[in-house]
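Work through the exercises below with the sequence and the 3D view at hand. Try each task before reading its solution.

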Amino acid sequence: MVNSEIVNSIVIKNEQPQITRFPFPFKSDSYRYSNNSVSLESGQIVTITPEYFAEIGIKRHLLTTVHHRSYQSFSHSLEAQWECMEMIIDELCANYPDYFTIEKDGNHWIFVNHLLNETIAFIFGDSSSLPYEPLDFIGRHVQEDLFYISQRDGDLYMDAGQLCFPANWSIAFDAGMTFTEWHSPVPHFSDSGMAEKVKKFLMKMEAGKPWTRLNWTLTVESILDTFPETYAEWGVKKDQISPQNVGKLVHLRTEDQRLFRMPGSNGILFSIHTHLLPVCELPKNPAWLKRFYHVLLDLPEYMADYKGFSSYKAKLLAYLETEISKLQESR
Ligand code: HEM
């Protein structure tokens, strides 16, 4: 668990206000599903933000108490998991040398997480030397959800995943599925031919040329672990939304998704960093406020239904309209 003394003694760098760090997902006033993947210039799989300690605390709590819900894997993914783990460790130590270090003596490795004051010695490739499977292990040191997708028999398979911050989907349910199967709840994704196109695009990805895309939805309250398995706990919060509290309760939720071809296994490493911003923060950026309003106004009903906010969409639109009017009056 998080060591509070260390937590207090290390300050995560780059502590800008939340709204300046938030990955706003809209490029225009209209949003439709498309393959919005772009080349990932930074090449980074993971990013450490000031929310690190809180989010690692939630992840580890879930992985301890409901492991089957937040981690799934097939034994044939183990070798590829070591490859993913090595790539993430090397990246962490290169990009955040004050926070993470690794000593390698052949296969004898010592990984230190200085943020959490944890030292782990293990033998690379020997699963009995680690407390958890490699993907499950390294996922406990980063804020991202992590997946290993294998490519075989002309398809992509969900072979391993650590998922603590799902936007209402289940790794226990999706484990072993193909790309088209796990996307089947997304309306008009398969029947429009998009699933097939995106799958073909992913299958042609090359090592060293990663991709990234932003996905978005809305969440009531600042809750990252919106599992379908616990819908009864967080889903009811939608009923509490009123014209008075809608701006504070509703959060714009962006998933920063990144895709990497693994040169050894030929599979894909997929990372998701989830960011939440209360809608009441948006007036601080008038261009975002107006854009979000127009996107919602123009959004097809099937998308609001799938994303789960049809019941409070009218209240949200009314709130955004009021905030836009206030901005115009104050000019
Ligand atoms: C291998 C990488 C990927 C994985 C593991 C993945 C996984 C998922 C999962 C599990 C869902 C939720 C489905 C549900 O409701 O149960 C989803 C939704 C979705 N995915 Fe993917 N996906 C991947 C890549 C992509 C790419 C490259 C695109 C590009 C178009 C894409 C487009 C979408 C869309 C549009 C949704 C609906 C999201 C929403 O409206 O909130 N996915 N994905």
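**Exercise 1. Find how many residues surround the ligand, and which are the closest.**

Solution. Take the residues near the ligand (a heavy atom within 4 Å of it). There are 22 residues around the ligand. The closest are Tyr33, Trp182, His183, Tyr306 and Lys307. This is a predicted model: local features need pLDDT of at least 70, side-chain atom pairs count only at pLDDT 80 or more, and totals for chains, interfaces and linings use all residues. Residues are numbered from 1 along each chain as its sequence is written, and side-chain values use heavy atoms, with hydrogens and water left out.

**Exercise 2. Sort the shell around the ligand by class.**

Solution. Count Ala, Val, Leu, Ile, Met, Phe, Trp, Tyr, Cys and Pro as nonpolar, Asp, Glu, Lys and Arg as charged, and the others, Gly among them, as polar. The shell then has 14 nonpolar, 5 polar and 3 charged residues.

**Exercise 3. Locate the protein donor of the iron atom of the ligand.**

Solution. Search for donors (N, O and S atoms within 2.8 Å of the metal, or 3.2 Å for Na, K and Ca; water is not among the atoms, so sites may look incomplete). The only protein donor is His183, through NE2, at 2.1 Å. Next, place histidine 183 in the chain: it lies in the loop between helix 8 and helix 9 (194-203). Helices (H or I, at least four residues) and strands (E, at least two) are DSSP runs, numbered from the N terminus.

**Exercise 4. Which polar side-chain atoms lie 2.4 Å and 2.9 Å from an oxygen atom of the ligand?**

Solution. Look for polar contacts (pairs of N or O atoms within 3.5 Å; within protein, one must be able to donate a hydrogen and the other to accept it, and residues adjacent in sequence count only if both atoms are side-chain atoms). Tyrosine 306 has a side-chain N or O atom 2.4 Å from a ligand oxygen. For lysine 307, the distance from a side-chain N or O atom to a ligand oxygen is 2.9 Å.
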